[in-house]
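Reader: I should be grateful for a close look at one helix and the residues around it. Please describe its length, its buried residues and the core to which they relate.

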Amino acid sequence: MSFAEKILDYKDEILSDLKKLLEIKSVSSENPEECKNALRFIIKRARDFGLITENIDDKACHIELGNSGKLCGVLTHLDVVPAGKNWSVEPFTLTRKNGRLYGRGIDDDKGASIINLYCLKALKDSKISGRNTVRCIFGTDEEIGMSDMDAYFSRMPLPDYSFTPDSDYGICFAEKGILQLKIISKENDGDIKEFTSGGAVNAVADEATAVYNSDNELKSESAYGKAAHACEPYKGDNAAIKLIMLLKNNINLGSLIRFAADKLSQGTDGGTLGIKVSDKPSGALTCNPGKFRINEKENYLTLDIRYPVTENGESILARVKSEAEKYGLKTEIIHHAEPLYLPKESAVIKLLSSAYEEVTGEKPELYSTGGGTYARKLGGKGVAFGPAFKSDNVNMHNADESIDEENFFTHAEICMQAIYKMYTEELI
């Protein structure tokens, strides 16, 4: 029997604490105080278990076991994206239905956070002697730029081995570059008086509304789409683009919305922006217009661009700026994360591969993603690993985010085995 099965002894406690964590509305783009509350909840539970904790400015914390050997890290985030619309259950609680666990953050990333906490509890309770030090690190603004990890690692060392369960199984050895931009118009020069769509830069908007002037009369219009993560915008249906295409032939759109109609409406590959590229390790570029805001105070839209690991982000930025300038628009950088690319033969990938195989009996797939995780902050010593299985439609960043309950606890076993190996094995 592998050590992994020990985590199953805590099933009821895991689900109880998971419910409490999901009920904290830690939407980093809206409720920073609730993100702090989520962090404090984790710290309190860790202290209840007799684990060592350290809080870094209420932005991040770690829970520690061991005090020798290599430093190993397991990173998760406690913040979530807004709930959005069209849920069949209450988003900010745990619902068990038809063999699935529902709730905003159940996959991204509160479910994995609770599992990490209980993995350390299981090791401590078993009184196993470790060769190395394990830190489970928790952050609070992964969804809006990862400044939490900048703050954390300004005071704490980078781990020698690390992973973040914030993606899919098997092992993500490459993450595309992330370029998030704000396209701004100095003035509203069209008939649209108000245009609102999207709650997060890194999500496909599922609702858009417009108030516009037509024949000297104010009218309103709405459109509805399907939310999705910006790393896979082709899985969603952008409500803003649908609304723009509905209005484009009837009114003067103005510079900002005309730019969107001309340059962003023909798919998600950036082709009409002149930035369509692809490579073998990580695949094709994606481009998602996330937030639109036109009102008396502001006129802007945001772009979330995920570019291949062998491409240069500055050249892509230059091309977008050039296209925007043709419409009299200004481009500002919201966030830029360079790509991550680890050799497939690296030590951390070998360790995680063995943990996965010991639990499942199968070798893990090595893959790339357009998603952005804390692995980018780990200096080439960490990767994304779990918690979702690709066969499970978890609806990340969408309504009815959920995970198959059996899969959830399989992840718990894989994570437990990986942390056990980090804690007990002689690492090079």
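Author: The following account takes helix α8 and then turns to the nonpolar cores. The model is a predicted one.

Helix α8 comprises the 14 residues 347-360. At 1.5 Å a residue these should span 20 Å, and the end C-alpha atoms do lie 20 Å apart, so the expected and computed lengths agree. Directly after α8 comes Gly 361, whose phi is positive, at about 80°.

The buried residues of α8 are Val 348, Ile 349, Leu 351, Leu 352, Ser 353, Ala 355 and Tyr 356. In an α-helix there are 3.6 residues to a turn, so residues three or four places apart point the same way. The buried residues of α8 pack against four strands and one helix: β7 (161-164), β9 (171-175), β22 (366-369), β23 (382-385) and α9 (405-424).

One of these buried residues, Leu 352, also belongs to the largest nonpolar core, which has 70 residues. Leu 352 is among the members that touch the most others, together with Ile 14, Ile 42, Leu 120, Phe 163, Phe 385 and Ile 419. Helix α9 contributes the most to this core, with 10 residues. In soluble globular proteins, nonpolar side chains tend to be buried together.

Ile 42 shows the contacts of one such member: beyond its neighbours within four places in sequence, Ile 42 is in contact with Leu 21, Ile 63, Leu 78, Ile 114, Leu 117 and Phe 138. Apart from the largest core lies another, of 40 residues, including Ala 208, Leu 247, Leu 273 and Ala 324.

How values were computed
Residues are numbered from 1 along each chain as its sequence is written. Side-chain values use heavy atoms; hydrogens and water are left out. Helices (H or I, at least four residues) and strands (E, at least two) are DSSP runs, numbered from the N terminus. The expected span of a helix is 1.5 Å times one less than its number of residues. Buried means under 20% relative accessible area, exposed over 50%, partly exposed in between (1.4 Å probe, protein chains only). Contact means heavy atoms within 4.5 Å. A nonpolar core is a set of buried Ala, Val, Leu, Ile, Met, Phe, Trp, Tyr and Cys residues joined through side-chain atoms within 4.5 Å.
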